[in-house]
There are 2 protein chains.
Amino acid sequence: MEEHKTEETGQMEDKATTHQTSKRDDNTVFIGKKGTMGYVLAVVTQFNNGAEHVSVKARGKLISRAVDVVEIVRHRFMPEAKVGSIDISTEELMSEDGSKNKVSSIEIKIQR
Amino acid sequence: MEEHKTEETGQMEDKATTHQTSKRDDNTVFIGKKGTMGYVLAVVTQFNNGAEHVSVKARGKLISRAVDVVEIVRHRFMPEAKVGSIDISTEELMSEDGSKNKVSSIEIKIQR
């Protein structure tokens, strides 16, 4: 029976790493396989740089890490911050052998 | 540095299992460590029994499974269903040695 794939692929990690370390004008932090606190720092840094809102995005098993990041940001570093919209969706990833895998994703918006 | 714990404890599994198999009048499905499709079936069954809305709850690493369950329910079994509010929070769990662990949790409401 077809199931959602939740493996953390190398592809996802690369993408997340690239996005996390590059400053983007749309204020998005992609969660990858690094430690949770690194992404917490990335979010707090974007707010310190003047962002009014930051989106935390993750796919597959990294979704739970995204929730951890948002909860740590607002409980420990930015008690005045609020969680805005939370959206979940399904993305189709093409694997190297040409087959398609469905994977769940989440986007959590934090507002200053 | 203190971090959110995301281990799946036996305690959580027991609780989830109990809730998943017992019919509750508040229409909640707790995600545990069983296969994803079992929880999909639990949600669909509640709707078939007349529920107007079902809440899917999970903690820690099981949060990503909760998102999978909701996505599979609405894409494969109930295309007319809508995702209602999604709430994330932090719960404090007392471990056996008396120490407190913080763990993230999610509640996703699905509406018929």
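How many residues does the contact take from chain A and from chain B?

1. The contact, meaning heavy atoms within 4.5 Å, takes 28 residues from chain A and 28 residues from chain B. This is a predicted model, in which local features need pLDDT of at least 70 and side-chain atom pairs count only at pLDDT 80 or more, while totals for chains, interfaces and linings use all residues. Residues are numbered from 1 along each chain as its sequence is written, chains are lettered from A in the order in which they are written, and side-chain values use heavy atoms, with hydrogens and water left out.

2. Chain A is superposed on chain B by a rotation of 180 degrees with 0.0 Å of shift along the axis, at an RMSD of 0.0 Å, the fit being by least squares on the C-alpha atoms of residues with pLDDT of at least 70 in both copies. That is the relation of a two-fold axis. In chain A, the residue that comes closest to this axis is A:Ser64, with its C-alpha at 2.7 Å.

3. Between them, chain A and chain B bury about 2200 Å², with 62% of it on carbon and sulfur atoms; buried area is the accessible area (1.4 Å probe) that two parts lose on being put together, summed over both. On the side of chain A, the residues that lose the most area to chain B are A:Asp68, A:Ile86 and A:Ile88, which together make up 25% of what that side buries.

4. Across the interface of chain A and chain B there are 0 salt bridges by the rule (a side-chain nitrogen of Lys or Arg within 4 Å of a carboxyl oxygen of Asp or Glu).
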